[in-house]
Amino acid sequence: MIQQKKRVVLYFPHLANPRFRYTASKDLLPLSVLAIAGIPEREGYEVVIIDGNLYPAQEAHRLLVEACEGALCYGTTSILGYQITDGLHATQRVKAMHPDLPTITGGWFPSVAPEQLLASRAYDSGCLRQVEITFAEFVRPCAAVPSPDDLPGLAHPPRRPPPCP
């Protein structure tokens with residue numbers, strides 16, 4: 001019997017808002033997600049990267065949702081500008097179809113203003129430090145089933161208070 005690798009899905013959001021008819025060059029590499037893919041790939045995980053800049057947003061999000069079927073976890077990056085918007089929209093689509101899939105975001109914006117990004121409740125965690133190491137530490141407990149909630153370097157959305165009786 002062939003054992004299937006555990007899949008990690010990464011999304012590199014659109015760099016520019018297509019409404020303004022500006023598209024990022026198709027030869028730009030998604031370096032931020034390539035950097036965090038290295039450790040999980042070396043540890044035997046299947047890493048799937050969807051580069052949103054290669055597709056119209058709707059197609060990129062469809063491919064992303066499909067790739068997340070049966071995945072271990074999902075991650076995206078957000079530096080500044082439209083990447084934050086597209087990453088959020090993509091993550092909301094993923095969560096709508098895969099509500100139990102652990103989601104994480106990293107990059108400049110989550111590191112500087114995690115409370116703003118996590119307030120959307122689309123992300124389960126945000127990286128606050130060197131993302132390559134933190135992301136690998138996030139993937140390992142996802143594979144082992146315990147929650148990654150207590151890992152250093154992660155921020156989480158504020159817990160909702162229990163409903164009033």
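Reader: Which residues of E3 point one way, and which point the other way?
Author: This is a predicted model, so take what follows as read from a prediction. In a regular strand, side chains alternate between the two faces of the sheet. In E3, Tyr74 and Thr76 point one way, and all the residues on both sides are buried. Pointing the other way are Cys73, Gly75 and Thr77.

Reader: OK, and how many of the residues of E3 are buried?
Author: E3 is mostly covered. The count of buried residues is 5 of 5.

Reader: What is the bridge partner of Val8 in E3?
Author: Start with the pairing: E1 and E3 run parallel and are joined by 4 bridges. For Val8, the partner in E3 is Cys73.

Reader: Which residue in E4 does Thr76 stand opposite?
Author: E3 also runs parallel to E4, with 4 bridges joining them. Opposite Thr76 in E4 you'll find Thr105.

Reader: Is the crossover from E3 to E4 right-handed or left-handed?
Author: After E3 the chain goes through H3 and then into E4, making a β-α-β crossover. Its hand is right-handed.

Reader: How far apart are the end C-alpha atoms of H3, and why does that agree with its 16 residues?
Author: H3 covers residues 82–97, and at 1.5 Å a residue its 16 residues should span 22 Å. The model agrees with that, because the end C-alpha atoms are apart by 23 Å.

Reader: What covers the buried residues of H3?
Author: The buried residues of H3 include Tyr82, Ile84, Ala90 and Val94. Among the strands covering the buried part are E1, E3 and E4. The cover also includes the helices H2, H4 and H5.

Reader: Where on H1 do the buried residues sit?
Author: Residues three or four places apart in an α-helix point the same way, because there are 3.6 residues a turn. In H1 the buried ones are Val33, Ile36, Ala37, Ile39 and Pro40. They cover an arc of only 160° around the axis, so they sit on the same side of H1.

Reader: And which residues are exposed on the other side of H1?
Author: Turn H1 around from its buried residues, which include Val33 and Ile36. The exposed ones on that other side are Leu31 and Arg42.

Reader: Which helix gives the most to the largest nonpolar core?
Author: That core has 16 residues, and those touching the most other members include Val8, Leu10, Phe135 and Phe138. E1, H1 and H6 each supply at least two of its residues. The one giving the most, with 5 residues, is H6.

Conventions. Residues are numbered from 1 along each chain as its sequence is written. This is a predicted model: local features need pLDDT of at least 70, side-chain atom pairs count only at pLDDT 80 or more; totals for chains, interfaces and linings use all residues. Side-chain values use heavy atoms; hydrogens and water are left out. The expected span of a helix is 1.5 Å times one less than its number of residues. Buried means under 20% relative accessible area, exposed over 50%, partly exposed in between (1.4 Å probe, protein chains only). Contact means heavy atoms within 4.5 Å. A nonpolar core is a set of buried Ala, Val, Leu, Ile, Met, Phe, Trp, Tyr and Cys residues joined through side-chain atoms within 4.5 Å. The arc is that of the directions from the helix axis to the C-beta atoms. Two strands pair if DSSP finds at least two bridges between them. A crossover is right-handed if, with the strands pointing away from the viewer, the path from the first strand over the helix to the second runs clockwise.
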